[in-house]
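I opened this notebook to record what I looked up in a single protein model. The entries go from the whole chain to one helix pair, and then to one helix and one of its residues.

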Amino acid sequence: VGDCNAVQDSSYSRIFGFPVAVLGTIHYFVFFVFLMILRIAEGISVRILGLGLILLALTAVMYSMFLTGLELWVIKAVCFWCLSSALISSALLFLLSKRFIRKSIHSNF
């Protein structure tokens, strides 16, 4: 589904020489590490980690929107994996924001 090869072969597939796919993998790894640390954290570090997770998810969503725009209007090809990552990042942002808002009302993340 889609034309991932056209997207990966475009000049937009690298940032400072690094493939966007590798940067995305690093992003998900860091996100996972933050989640694991959050499960054992206590006190103020829980709030900081929660905000860090939201920031990571927000950054991923914004960058995914930028890349999807490039795919649609510049590259004129859409990659299934890129869209999947955008949807996953959006879902993570939604769930984390919902949790953060709900827990902030009860004063602990």
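The entries below concern a predicted model.

**Entry 1. Overall layout.** I began with the secondary structure, which comes to 4 helices and 2 strands. Reading from the N terminus, I noted the order α-β-β-α-α-α. I then looked up the extent of the C-alpha trace, which spans about 45 × 25 × 20 Å along its principal axes.

**Entry 2. Burial and contacts.** I looked up how much of the protein is buried: of its 109 residues, 30% are. I also checked the contacts with a separation of 6 or more, and found that 67% of them join residues 24 or more positions apart.

**Entry 3. The pair α2 and α3.** How do α2 and α3 pack, and at what angle? I found an angle of about 160°, with the two axes 10 Å apart. Because angles over 145 degrees count as roughly antiparallel, α2 is roughly antiparallel to α3. I recorded the crossing of the two helices as left-handed.

I next listed the residues that meet. On the α2 side they include H27, F31, F34 and L38. On the α3 side they include L49, G50, L53, A57 and Y63. By class, the residues of this contact divide into 15 nonpolar and 3 polar, with no charged residue.

**Entry 4. Helix α4.** I turned to α4, which has 26 residues. From its first C-alpha to its last, α4 reaches 38 Å, close to the 38 Å expected at 1.5 Å a residue. Which residues of α4 are buried? I found A86, S89, L93 and L96. For the spacing of such positions I kept a general point in mind: an α-helix has 3.6 residues a turn, so residues three or four places apart point the same way. I then asked what covers the buried residues of α4. The cover includes α2 (20-40) and α3 (44-75), the pair of Entry 3.

**Entry 5. Residue C82.** I closed with C82, which is found in helix α4 (residues 80-105). Is C82 buried, partly exposed or exposed? Its relative accessibility is 30%, so C82 counts as partly exposed. Leaving aside residues up to four places away in sequence, I found that C82 touches V7 and E71. As a last check I took the separation of C82 from F100: the two are 18 residues apart in sequence and 27 Å apart in space, C-alpha to C-alpha.

Methods:
Residues are numbered from 1 along each chain as its sequence is written. This is a predicted model: local features need pLDDT of at least 70, side-chain atom pairs count only at pLDDT 80 or more; totals for chains, interfaces and linings use all residues. Side-chain values use heavy atoms; hydrogens and water are left out. Buried means under 20% relative accessible area, exposed over 50%, partly exposed in between (1.4 Å probe, protein chains only). Contact means heavy atoms within 4.5 Å. The expected span of a helix is 1.5 Å times one less than its number of residues. Axes are lines fitted to C-alpha atoms, for helices over the stretch in contact, and angles run from 0 to 180 degrees between N-to-C directions. Angles under 35 degrees count as roughly parallel, over 145 as roughly antiparallel, 65 to 115 as roughly perpendicular and the rest as oblique. A crossing is left-handed if the near helix is turned anticlockwise from the far one by less than a right angle, and right-handed if clockwise. Ala, Val, Leu, Ile, Met, Phe, Trp, Tyr, Cys and Pro count as nonpolar, Asp, Glu, Lys and Arg as charged, and the others, Gly among them, as polar.
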